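The exercises below ask you to read burial and packing from a set of coordinates. Each task is followed by a solution that proceeds step by step.

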Amino acid sequence: MNNLELFHEFIQRYKILYGNVIYKFDEDIDNAVQYNDTNLNASIGKYETSIRNCQECKLSNTRLNFVFGMGDPNADLLLVGEAPSKEDDIKGTPFAGKIGNLLDNILSAIGRNRFKGVYITNILKCRPPKNRDPLISEVNKCEPYLKNQLKFIKPKLIIALGRIAGKILLQQDIPLEDMRKKTFNYLDTPVRVTYHPASLLINKNLKQLAWDDFQWIRDYVDGNKN
Ligand code: URA
């Protein structure tokens, strides 16, 4: 068989298996992601449905809800926290409760909210017991989901909330102070790291520093900074 005949046979088999929909298979992704640029909202919703019964790690035994994330699927700003809290696990949404209220206030101060220009998710989609740090094995199983969300949303900027999320996205175990005010990269998307809202509730002195970060973030996503 020549190359053209091989390609023809591949297409015939592909159509039998998958019909007329084009799927893109990534090495690190178990799930086939349907790319449909004309209906991005439906696609990310479909993607959520396809993974929400995930049993890839033991957190699936203790979770109440798989917390996929929420927000504007066309957001230019993607916020990534560490993992759902107890309250988030109960409600099924990220950053619910007091920590989430503070985050909402910060977003409102930069002219945005959870449904406008922002998408919020976490490194882990399920709550670790007693809010312990994510295990490497859990991150390895869960991070492909984040990578796929990134492909759907295509934000202009990713914000890692807190040192743990920063460490995982940057693959660098350094103090948060050394992560701030620098632009890193995650799958070709710029990343900045700022304080986790929970730490602002504990140490009020950090609020001004976080506000400095969010003013930079506002200017960057609004196009006033490169
Ligand atoms: N809630 C989240 O969704 N993520 C965090 O990192 C903390 C609380």
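A residue is taken as buried if 20 or more other C-beta atoms lie within 10 Å of its own, and as exposed if 12 or fewer do. The model to which this criterion is applied here is a predicted one.

**Exercise 1.** Determine which residues of helix 5 are buried, and explain why they line one face of the helix.

*Solution.* Begin with the geometry: helix 5 has 13 residues, which at 1.5 Å a residue should span 18 Å, and its end C-alpha atoms are indeed 18 Å apart. Applying the burial criterion next, one finds that I99, G100, L103, I106 and L107 are buried. Viewed down the helix axis, the buried residues of helix 5 fall within an arc of 115°, and therefore they line one face. On the other side of helix 5, the residues N105, S108 and A109 are exposed. To complete the picture, look for the packing partners of the buried residues, which are strand 5, helix 9 (197–202) and helix 10. Just after the helix, G111 adopts a positive phi of about 80°.

**Exercise 2.** Decide whether helix 7 is largely enclosed by the rest of the structure or largely open, and identify what covers its buried residues.

*Solution.* Counting first, 6 of the 8 residues of helix 7 are buried, so the helix is largely enclosed by the rest of the structure. The buried residues are R163, A165, G166, K167, I168 and L169. Their cover includes strand 4, helix 6, strand 6, helix 8 (176–179), strand 7 (184–186) and strand 8. Just after helix 7, Q171 takes a positive phi of about 55°.

**Exercise 3.** Locate the largest nonpolar core and state which residues have the most contacts inside it.

*Solution.* The largest nonpolar core comprises 34 residues, and those with the most contacts inside it are L77, L78, L79, V80, I123, I159 and A160. Among the elements that give two or more residues to this core are strand 4 (77–81), helix 5 (97–109), strand 6 (157–161) and helix 10 (206–221). As a single example, I159 touches L77, L79, V80, R192, T194 and I217, when residues up to four places away in sequence are left out.

**Exercise 4.** List the residues around the ligand and divide this shell into nonpolar, polar and charged members.

*Solution.* The residues around the ligand are G81, E82, A83, P84, S85, D88, P94, F95, I99 and N122. Sorted by type, the shell divides into 5 nonpolar, 3 polar and 2 charged residues. I99 thus appears in two solutions, being one of the residues around the ligand and one of the buried residues of helix 5.

How values were computed: Residues numbered from 1 in each chain as written. Predicted model: local features only at pLDDT ≥ 70, side-chain atom pairs only at ≥ 80, totals over all residues. Core = buried A, V, L, I, M, F, W, Y, C linked by C-beta atoms within 7 Å. Helix = DSSP H or I, 4+ residues; strand = E, 2+ residues; numbered from the N terminus. Contact = placed C-beta atoms within 7 Å. Near = placed C-beta within 6 Å. Nonpolar A, V, L, I, M, F, W, Y, C, P; charged D, E, K, R; others polar. Expected span 1.5 Å × (residues − 1). Arc of directions from axis to C-beta.
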